[in-house]
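Please load the model in a viewer and keep the selection tool at hand. The tour proceeds stop by stop, from individual side chains to the arrangement of strands.

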Amino acid sequence: MTPKVVIYTDGACSGNPGPGGWGAVMLSGEHRKELWGGELATTNNRMELMAAIQALEALTRPAPVHVFTDSKYVLDGITKWLPGWQRNGWRTAGKQPVKNVDLWQRLVAAMAPHEVTWRWVKGHNGDPGNERADELARLGIAEAVDAARA
């Protein structure tokens, strides 16, 4: 049986919008992988989504996955709002286009091969996985800003 994968994700922005970063900690058995990245002009919500996308896309084979996020936007979007958005042609209940639709669609595709369970964790509350994902997101911001200066 494929081992269960646990993923902690976080996104951050310095200004919103502004330079942003995402981070993910992936755990499976004794294996650990850390991922991060950043963009110069983005939003916190886009970085929260990107963290989950990048982690799920990094998996090399289908697996049962538990994703921990401190983002109510991501959690509510994937567990509550998504079916309605898809049913309404990626429009909200108020008939407006879904914000960040490109990333929501990419997240749906990244989830498809896996059995994904979503869990919320309170941010900045001492959870080691969440704290490390936050550190990685901030590293993503710093690297994006440094690359722009080079």
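Select Arg106 and Glu57 in this predicted model: the two form a salt bridge, with 2.8 Å between the closest N and O atoms. Arg106 belongs to helix α3 (residues 101–111) and Glu57 to helix α1 (residues 44–58), so the pair ties together parts that lie 49 residues apart in sequence. With a surface displayed, Arg106 is partly exposed, because its relative accessibility is 30% and the partly exposed class lies between 20% and 50%. Glu57, at 38% relative accessibility, is also counted as partly exposed.

How many salt bridges does a search of the whole structure find? The search finds eight, and two further examples can be inspected in helix α4.

Next, display helix α4 (residues 128–149) and select Glu135 and Arg132, which are three residues apart and thus separated by about one helical turn. Their side chains form a salt bridge, the closest N and O atoms being 2.8 Å apart. Glu135 has a relative accessible area of 44% and is partly exposed; Arg132, with 27%, is partly exposed as well.

Remain on helix α4 and move the selection to Arg149 and Asp146, again three residues apart, about one turn of the helix. A salt bridge joins these side chains, at 3.8 Å from N to O. Is Arg149 buried or exposed? Arg149 is exposed, since its relative accessible area is 67% and the exposed class begins over 50%. Asp146, by contrast, is partly exposed at 46%.

Now return to Arg132 and Glu135 and add Arg32 and Glu34 to the selection: these four residues are linked in a network of salt bridges. Glu34 leads on to the sheet, as it stands in β3 opposite Val25. Select β2 (residues 18–28) together with β3 to see the two strands pair in the antiparallel sense over 10 bridges.

Extend the view to the whole sheet, which is open and contains five strands in the order β3-β2-β1-β4-β5, with mixed pairing. Its edge strands are β3 (31–42) and β5 (115–120), each of which pairs on one side only. On average, neighbouring strands of this sheet are turned by 20° against each other, with direction ignored.

For the last stop, select helix α2 (residues 72–87), which lies across β4 (64–69) and β5. The helix runs at about 140° to β5.

Terms used: Residues are numbered from 1 along each chain as its sequence is written. This is a predicted model: local features need pLDDT of at least 70, side-chain atom pairs count only at pLDDT 80 or more; totals for chains, interfaces and linings use all residues. Side-chain values use heavy atoms; hydrogens and water are left out. Two strands pair if DSSP finds at least two bridges between them. Helices (H or I, at least four residues) and strands (E, at least two) are DSSP runs, numbered from the N terminus. Axes are lines fitted to C-alpha atoms, for helices over the stretch in contact, and angles run from 0 to 180 degrees between N-to-C directions. Contact means heavy atoms within 4.5 Å. Buried means under 20% relative accessible area, exposed over 50%, partly exposed in between (1.4 Å probe, protein chains only).
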